[in-house]
Amino acid sequence: MEQRRGLVAGAIAYGIWGVFPFYFHALAPAPAVEVLAHRILWALLVCLVLLTALRRWGAVAAVLRSPRQRGLLAVAAVVIAVNWGVYVHGVASGHVLEASLGYFVNPLVTVLLGVVVLRERLRRLQWVAVAVGTVAVTVITVDLGRPPWIALLLAASFATYGLMKNRLGQVAGADGKGVDAITSLSVETLLLGVPAAAAVAVLTATGGSTFTTEGPGHTLLLALTGVTTVVPLVLFAVAASRVPLSTIGLLQYLTPVLQFGCALVLGERMAASQWAGFALVWVALLLLSTDALRGRRRPVPVPA
């Protein structure tokens with residue numbers, strides 16, 4: 001029963017992340033910087049409510065007293081802000097397919113980070129997967145006439161975010177404990193709160209804010225970015241504690257698959273060469289999944 005609940009929670013979490021293109025598309029004409037700022041501020045508000053309800057303020061204080069935990073979360077906050085901002089820009093500019101590619105490529109970048117930063121040794125099948133993924137990105141670059149910057153930035157920023165969380169899990173705080181998902185996100189949004197508030201203030205002062213100019217529906221959608229940020233993370237935490245890692249690893253692909261479908265529904269089209277590039281990425285992911293299902297652990301990223 002517990003595993004079934006975890007599976008449902010995980011599927012809902014990845015499903016929510018998967019349909020984000022529809023949500024952010026509905027936020028037009030808000031610029032990406034405004035959406036990012038509101039997402040940070042409203043997520044912070046939701047976190048503050050949860051911290052109060054769950055009596056976790058002591059955990060936040062312990063993290064803030066730990067230089068190492070605080071430093072890792074500061075880096076995590078910066079890279080997740082980059083990830084969120086690039087993703088919103090990708091949706092707003094009609095590049096949802098490229099954004100979905102970023103999350104397809106992310107596991108490959110995560111594996112590479114493990115080699116470069118953590119000095120991990122890859123198995124043969126993992127090297128083959130990375131090689132196929134590199135060919136895929138090359139094919140897509142030739143087709144586009146430029147590197148797929150949105151996809152690469154999303155993959156790199158999220159892989160770095162995962163690396164920071166990996167390192168964070170190995171560091172005990174001032175209270176001798178690790179950092180749970182709510183506390184982590186609370187500290188991250190707290191660190192980003194001042195620049196986010198400044199961005200909203202500047203947009204409002206210069207007439208660039210859409211928060212109160214596009215009707216109550218638009219205002220509500222911007223305000224709900226906090227809930228849509230925190231809820232899937234909580235559901236993921238529920239899943240991660242109840243479902244085997246191999247299952248979570250397969251569930252993660254639900255997000256880019258749904259994003260890919262969203263792109264097609266939103267009217268984006270792909271040339272044959274782009275299909276070839278995506279097909280190569282899927283082959284690379286199949287190789288990684290095969291390697292994982294052989295009983296070996298691999299990193300599992302958590303979408304923004």
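Start by selecting Glu-268: leaving aside neighbours within four places in sequence, Glu-268 is in contact with Gly-94, His-95, Val-96, Leu-97 and Ala-263, where contact means heavy atoms within 4.5 Å. Before you click further, note that this is a predicted model, in which local features need pLDDT of at least 70 and side-chain atom pairs count only at pLDDT 80 or more, while totals for chains, interfaces and linings use all residues. Residues are numbered from 1 along each chain as its sequence is written, and side-chain values use heavy atoms, with hydrogens and water left out.

**Stop 1: around Glu-268**

Stay on Glu-268, in the loop between helix H13 (254-265) and helix H14 (272-292). Helices here are DSSP runs of H or I with at least four residues, strands are runs of E with at least two, and both are numbered from the N terminus. What is the nearest side chain of opposite charge to Glu-268? That would be Arg-269, 8.5 Å away; Glu-268 is buried yet has no salt bridge. For the charge labels, Lys and Arg count as positive and Asp and Glu as negative, with His and the chain ends not counted. A salt bridge needs a side-chain nitrogen of Lys or Arg within 4 Å of a carboxyl oxygen of Asp or Glu. Buried stands for under 20% relative accessible area, exposed for over 50%, and partly exposed for in between (1.4 Å probe, protein chains only). Now show the backbone nitrogen of Val-96: a polar atom of the Glu-268 side chain lies 2.6 Å from that nitrogen.

**Stop 2: zoom out**

Show the whole protein chain as a cartoon and you get 14 helices and 0 strands. The C-alpha atoms fill a box of roughly 50 × 45 × 40 Å along the principal axes. With 304 residues, a compact globule would have a radius of gyration near 19 Å, and the chain's 19 Å agrees; that radius is taken over C-alpha atoms, and the globule rule is 2.2 Å times the number of residues to the power 0.38. Buried residues make up 47% of the 304. Of the contacts with a separation of 6 or more, 87% are between residues 24 or more positions apart.

**Stop 3: the salt bridges**

How many salt bridges are there? The count comes to 4, and three of them are on this tour.

- Select Arg-56 and Asp-180, whose side chains meet in a salt bridge at 3.0 Å, N to O. Arg-56 is in the loop between H3 and H4 and Asp-180 in the loop between helix H8 (149-168) and H9, so the pair ties together parts 124 residues apart in sequence. Arg-56 is partly exposed at 28%, and Asp-180 is partly exposed at 28%.
- Next, pick Glu-98 and Arg-146, a salt bridge of 2.9 Å, N to O. Glu-98 sits in helix H6 (residues 96-116) and Arg-146 in the loop between H7 and H8, so this pair links parts 48 residues apart in sequence. Glu-98 is buried at 9%, whereas Arg-146 is partly exposed at 29%.
- Then go to Arg-123 and Asp-291, which meet at 2.5 Å, N to O. Arg-123 lies in the loop between H6 and H7 and Asp-291 in helix H14, so the two tie together parts 168 residues apart in sequence. Arg-123 is partly exposed at 25%, but Asp-291 is buried at 2%.

While you have Asp-291 up, add Gln-126 from helix H7 (residues 124-144). Gln-126 counts as buried at 6% relative accessibility. Beyond four places in sequence, Gln-126 touches Arg-121, Leu-288 and Asp-291.

**Stop 4: loops worth a click**

Select Pro-29, in the loop between helix H2 (20-25) and helix H3 (32-54). The peptide bond from Ala-28 to Pro-29 is cis, with omega near 10°.

From Pro-29, jump to Thr-210, in the loop between helix H9 (181-205) and helix H10 (216-223). Is Thr-210 buried or exposed? At 7% relative accessibility, Thr-210 counts as buried. Its contacts beyond four places in sequence are Pro-29, Ala-30, Pro-31, Glu-34, His-218 and Leu-222.

Now try Arg-55, in the loop between H3 and helix H4 (57-65). Arg-55 has a positive phi of about 55° although it is not a glycine, and at 78% relative accessibility Arg-55 counts as exposed.

**Last stop: cysteines**

Select Cys-47, buried at 0%, and Cys-262, buried at 4%. The structure holds 0 disulfides, a disulfide being a pair of cysteine sulfur atoms within 2.5 Å.

Methods:
A polar contact is a pair of N or O atoms within 3.5 Å; within protein, one must be able to donate a hydrogen and the other to accept it, and residues adjacent in sequence count only if both atoms are side-chain atoms.
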